[in-house]
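Open the model in your viewer and keep the sequence panel visible. The stops below say what to select next and what is there.

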Amino acid sequence: MVVNGDKINFPGGGTHFHDGADKYIMAVAKMLKFPGDKLHNGGSIRNVLDVGCGVASFGAYLLPLDIMAMSLAPNDVHENQIQFALERGIPSTLGVLGTKRLPYPSRSFELAHCSRCRIDWLQRDGILLLELDRLLRPGGYFVYSSPEAYAHDPENRKIWNSMYDLLRRMCWRVVAKKDQTVIWAKPMSNSCYLKRDQGTKPPLCSSDADPDASWNVLMKACITPYSARMHRERWSGLVPWPRRLTAPPPRLEEIGVTPAEFQEDTSVWRSRVDEYWKQMRPIFHKNSIRNVMDMNSNLGGFAAALNDKDVWVMNVAPVHASAKLKIIYDRGFIGTVHDWCEAFSTYPRTYDLLHAWEVFSEIDERNCGVEDLLIEMDRILRPEGFVIIRDKPSVINYIRKYLLALRWDGWSSEVEPRVDSLSSSEERVLIMRKKLWTEGANTI
């Protein structure tokens, strides 16, 4: 970071990207022998998990390559780096590899990355590497740039040898190693697991374990095997990006959704978002929206409808619908599981637009506080940001009572939308804009 007056610049270097993150990314693609030294590899690399991302320069330089990174780092002493990343408009989130699974479904990422992230990958029988294994797709890559991979002192050599032995027992293989970086690939099927000697650790997870369960689920030191279908086909069955955006993914059948229903959902949300934009057009300014959150993402239709705009969407799957998050990732988006009866793990004022479809009805039925959620949304929302609430008329009328107190009365529009195939009951759409609080403003 370089401080220039009242601004902070991020030149794209950092503790490891000595020649810039763009040159580093190209070097990784070259190590993997991808065509044209492009890391997207013809659209087959779309979702990336960057662990210990710092200010997310790696993820920032992936965006022009049509690669979406979930940049992950803890809230620690390093000057609130995730807050800087979100201020830059880079997809990122607070999170930590600790004792519980990350809130993402299995087989979500084509590539995981760790550069000087100072994680002890060998702790507790390699449980953190096994979590990466759960999250990587068949044949997925782990790009590791750290002293253990290249330093020759006894301590680092000991760590490297232990790590290499563990990953060999996990059936990962080294596909490239150069200078400060080593790249592993996980197997394409269960074949290697089945050939291991009896009693080899780490063991395979039990057949009744749900690999996609991720909300408050403890990690286990076991290998998540592929489903029978993935083992047989030896890949995820996904088409390259951008066709992945609208192509029905194979895992739809796991959540009981047909390809026709998927296509209908995509079409409906395209129409709904067009209507939202028409309502907002009178006061909407170009480039005023960058960080967007869909608080009930369903199949990702809202995010898909925004794909042609210069925004990114944090798709949030409520706990009761967490199985659908795998479809979000299969479409090439990012997201997380969350219970809206609790606070969301992000810094204040980090999103420009919040979209809440039937979120308030759902938490009201669970006897959670509507007022508490409104206050949490206000905490997350930036000044002059927008809130779109689509819900029952009774919910909209109740929320309207709080607009002045929240200072969401900078501008508002309420309409009765057209009935479509996703309409479960009578609906209203309320769009509000949060005021910029000025010095001396009265508090309520």
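In which sense do β14 and β16 pair, and over how many bridges? Select both strands: the pairing is antiparallel, with six bridges. Within it, Val387 stands opposite Met432 of β16. Bear in mind throughout that this is a predicted model.

**The whole chain**

Zoom out before going further. The protein chain holds 15 helices and 16 strands. Its radius of gyration is 23 Å, close to the 22 Å that the globule rule gives for 444 residues, so the chain is as compact as a globular protein of that length. Along the principal axes, the C-alpha atoms fill a box of roughly 65 × 55 × 40 Å.

Now colour by accessibility. Of the 444 residues, 54% count as buried. The accessible surface comes to about 20,100 Å², and carbon and sulfur atoms make up 50% of that. Among contacts with a separation of 6 or more, 70% are between residues 24 or more positions apart.

**Around β14**

Return to β14, residues 381–391. This strand is mostly covered, with nine of its 11 residues buried. Add β13 (351–357) to the selection. β13 and β14 pair in the parallel sense, over six bridges. His355 has Ile388 in β14 as its bridge partner.

Next, select helix α13, residues 370–380. Its buried residues are Val370, Leu373, Leu374, Glu376, Met377, Asp378 and Ile380. The elements that cover them include β13, α12 (359–365), β14, α14 (393–400) and α15 (403–406).

Move on to α14. Pro393, Val395, Ile396 and Ile399 are buried there. These residues cover an arc of only 160 degrees around the axis, which puts them on the same side of α14. They pack against α12, α13, β14, α15, β15 (411–415) and β16 (428–433).

Between β14 and α14 there is a loop, and Lys392 is in it. Is Lys392 buried or partly exposed? Its relative accessibility is 33%, so Lys392 counts as partly exposed. Leaving out residues up to four places away in sequence, Lys392 touches Ser361, Ser425 and Glu426. To try the distance tool, pick the C-alpha atoms of Lys392 and Trp340: they are 18 Å apart, with the two positions 52 residues apart along the chain.

**The nonpolar cores**

Which residues touch the most other members of the largest nonpolar core? Select Leu49, Trp121, Phe142 and Phe360, which do so in a core of 106 residues. Helix α4 (residues 123–135) gives the most to this core, with six residues. Another core lies apart from it, made of 23 residues that include Ala21, Ile25, Phe58 and Ala185.

Stay on Phe360 and show what surrounds it. Beyond its neighbours within four places in sequence, Phe360 is in contact with Val370, Leu373, Leu374, Met377, Ile389, Asp391, Val395 and Ile399. Several names from the previous stops return here: Val370, Leu373, Leu374 and Met377 are among the buried residues of α13, while Val395 and Ile399 are among those of α14.

**Helix α1 and its cover**

Select residues 21–31, which form helix α1. Which of its residues are buried? They are Ala21, Tyr24, Ile25, Val28, Ala29 and Met31. Their arc around the axis is only 160 degrees, which puts them on the same side of α1. An α-helix has 3.6 residues a turn, so residues three or four places apart point the same way.

The cover over these buried residues includes α2 (57–62), β6 (109–115), β7 (136–145), β8 (173–178) and β9 (181–185). Following α1 comes Lys33, whose phi is positive, near 60 degrees.

From that cover, pick β6 and β7. These strands run parallel and are joined by six bridges. Leu111 stands opposite Tyr141 in β7. In β7, 10 of the 10 residues are buried, so this strand is largely enclosed by the rest of the structure.

**Last stop: α9**

Finish at helix α9, residues 259–280, and find Ser267 in it. At 33% relative accessibility, Ser267 counts as partly exposed. Then select Ala305, 38 residues away along the chain: the C-alpha atoms of Ser267 and Ala305 are separated by 8.6 Å.

How values were computed. Residues are numbered from 1 along each chain as its sequence is written. This is a predicted model: local features need pLDDT of at least 70, side-chain atom pairs count only at pLDDT 80 or more; totals for chains, interfaces and linings use all residues. Side-chain values use heavy atoms; hydrogens and water are left out. Buried means under 20% relative accessible area, exposed over 50%, partly exposed in between (1.4 Å probe, protein chains only). Helices (H or I, at least four residues) and strands (E, at least two) are DSSP runs, numbered from the N terminus. The arc is that of the directions from the helix axis to the C-beta atoms. Contact means heavy atoms within 4.5 Å. A nonpolar core is a set of buried Ala, Val, Leu, Ile, Met, Phe, Trp, Tyr and Cys residues joined through side-chain atoms within 4.5 Å. The radius of gyration is taken over C-alpha atoms; the globule rule is 2.2 Å times the number of residues to the power 0.38. Accessible areas come from the Shrake-Rupley method with a 1.4 Å probe; for residues, only the protein chains shown count as cover. Two strands pair if DSSP finds at least two bridges between them.
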